[in-house]
Amino acid sequence: MLNPEFLSSLVGFLLTVMVFSYLFGDTPLFRFAVHIFVGVTAGYVAVVMLYQVLWPYLILPLAQAPMLERSLLVVPLVLGTLLLMRISSRLAWLGGPAVGYLVGAGAAVAILGAVQGTLVPQLLAASEPFDLIALAERGINPLEALFNGAVMLIGTISTLAYFHFGARRQRDGSIRRNPVVEIASWMGKLFLALAFGALFAGVYLAALTALVERVQAMLSLFGW
Amino acid sequence: MKSWLVPTAFAIAIGALILIGSILPIPLLRSISMQLLQWGMILAGIAVLVGIGNLFAVHFSRVRRRQAGALDSLTLLVALLATLFIGVLGGPSHPWMQVAVEAIIVPVEASLMALLAVTLLYAAMRLLRRRADWMSILFLAIVVLWLLSSVSLPFLGEIPILSDWVRPWLLFSPVAGGLRGLLLGVALGALVTGLRVLFALDRPYGEKT
């Protein structure tokens, strides 16, 4: 009988070869591998949702929790049932309140995440190199930190200026951006090229690591 | 009655309650906010199932009508149903589910990522042919510099000036500045979009308005 580990490696090897066939174009083998992948992943996600979200937070409490908690769960139960109606094109309108709930909760979480998770921490981090007392306490050369902080701050402001598309109509009828914003936007392009270059290189290195891992996994199947 | 009225009322009420409960230090409002978030999590789980149900319906109809790609759709349906069957009976930690992850999901994900190494290289080469301006040249110069400073080269090893000085300076000054600008831009965009939804200026509920 086949060893399950070997069988798993063999299936992985075959699927890897099928995916790599994409280098010759959109081949049937590539499509086969991708459709298996999507099917298995969708099934896996459904099972995880059932066992790790719906079972512990809805189904189990509905069966075992005290009366008050059980009655509170009627709300997600009703909304969830209405949401399921969206599968049918005739009854889809019934799912509106549940979608509204999800959109409202999502918007609130997005606002909180943007303010508490990004805006405040990033603004504090941007001001850090200009805190001379903290720099002295940590034994960092203040001139070097100030220079690096200034470059970073110019980069941040000019990158934001690059995405500012407000413009005014001039006396001659042409529409132009403010000259200061125009210069800042040009500098922003420079910083964006640097940032995207570093991101691209990072992604490329990760992809190369994955390629090496796949080739090693394929060779190890034959004992190399 | 307009079809977007009820969903909009729900979105505004739920969003406002969650926001107020998370900002104001009032225990009652905080517990209401947490309860609403937990219900939202349950609804999100059901929404994922609705999405998977829709995926099933689309591919099932392609197989039934014998449209182009019906065989691919059939493959997807068989894989989906087999995984669901084993998973529902045995749970996500069932040995066969682990085999599905280790033999199918991980290898295909890693292979698709590995394909990116080739496609990104091709895209970088095409960029120079299609748009050889100063921004493209600067972008590719940084890519090459970053790669040279990140790996140990054959016969040469690491290039100290690149790995110890140039890359750390780039990373903590101009690259950090550009990335911070992007992050702040994305956060401001998310903030404005969230507020537009809560003020009912945007109504992304799927209905035709």
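Tutor: In this predicted model, angles between helix axes under 35 degrees count as roughly parallel, over 145 as roughly antiparallel, 65 to 115 as roughly perpendicular and the rest as oblique.

Student: Why are helix 5 of chain B and helix 6 of chain B called oblique to each other?

Tutor: Helix 5 (residues 134-150) and helix 6 (residues 160-172) of chain B pack at an angle of about 135 degrees, with 8 Å between their axes. That value falls under none of the three named ranges, and the two helices are therefore oblique to each other. Their crossing is left-handed.

Student: Which residues of helix 5 of chain B and helix 6 of chain B meet?

Tutor: From helix 5 of chain B come B:Leu145, B:Trp146, B:Leu148 and B:Ser149, and they meet B:Leu162, B:Ser163, B:Val166 and B:Arg167 of helix 6 of chain B. By class, this contact divides into 5 nonpolar, 2 polar and 1 charged.

Student: What makes A:Gly12 in helix 1 of chain A a buried residue?

Tutor: A residue is buried if 20 or more other C-beta atoms lie within 10 Å of its own, and A:Gly12 is listed as buried, as are A:Ser8, A:Leu15, A:Thr16, A:Met18, A:Val19 and A:Phe20. The buried residues of this helix pack against helix 2 and helix 8 of chain A, together with helix 4 (95-130) of chain B.

Student: How many residues does each chain give to the contact between chain A and chain B?

Tutor: Chain A gives 97 residues and chain B gives 102 residues. On the side of chain A, the largest share, 24 residues, comes from helix 2, and the residues of that side divide into 73 nonpolar, 19 polar and 5 charged.

Conventions
Residues are numbered from 1 along each chain as its sequence is written. Chains are lettered from A and ligands numbered from 1 in the order in which they are written. This is a predicted model: local features need pLDDT of at least 70, side-chain atom pairs count only at pLDDT 80 or more; totals for chains, interfaces and linings use all residues. Two residues are in contact if their C-beta atoms, placed from the backbone, lie within 7 Å. Helices (H or I, at least four residues) and strands (E, at least two) are DSSP runs, numbered from the N terminus. Ala, Val, Leu, Ile, Met, Phe, Trp, Tyr, Cys and Pro count as nonpolar, Asp, Glu, Lys and Arg as charged, and the others, Gly among them, as polar. Axes are lines fitted to C-alpha atoms, for helices over the stretch in contact, and angles run from 0 to 180 degrees between N-to-C directions. A crossing is left-handed if the near helix is turned anticlockwise from the far one by less than a right angle, and right-handed if clockwise. A residue is buried if 20 or more other C-beta atoms lie within 10 Å of its own, exposed if 12 or fewer, and partly exposed in between; C-beta atoms are placed from the backbone.
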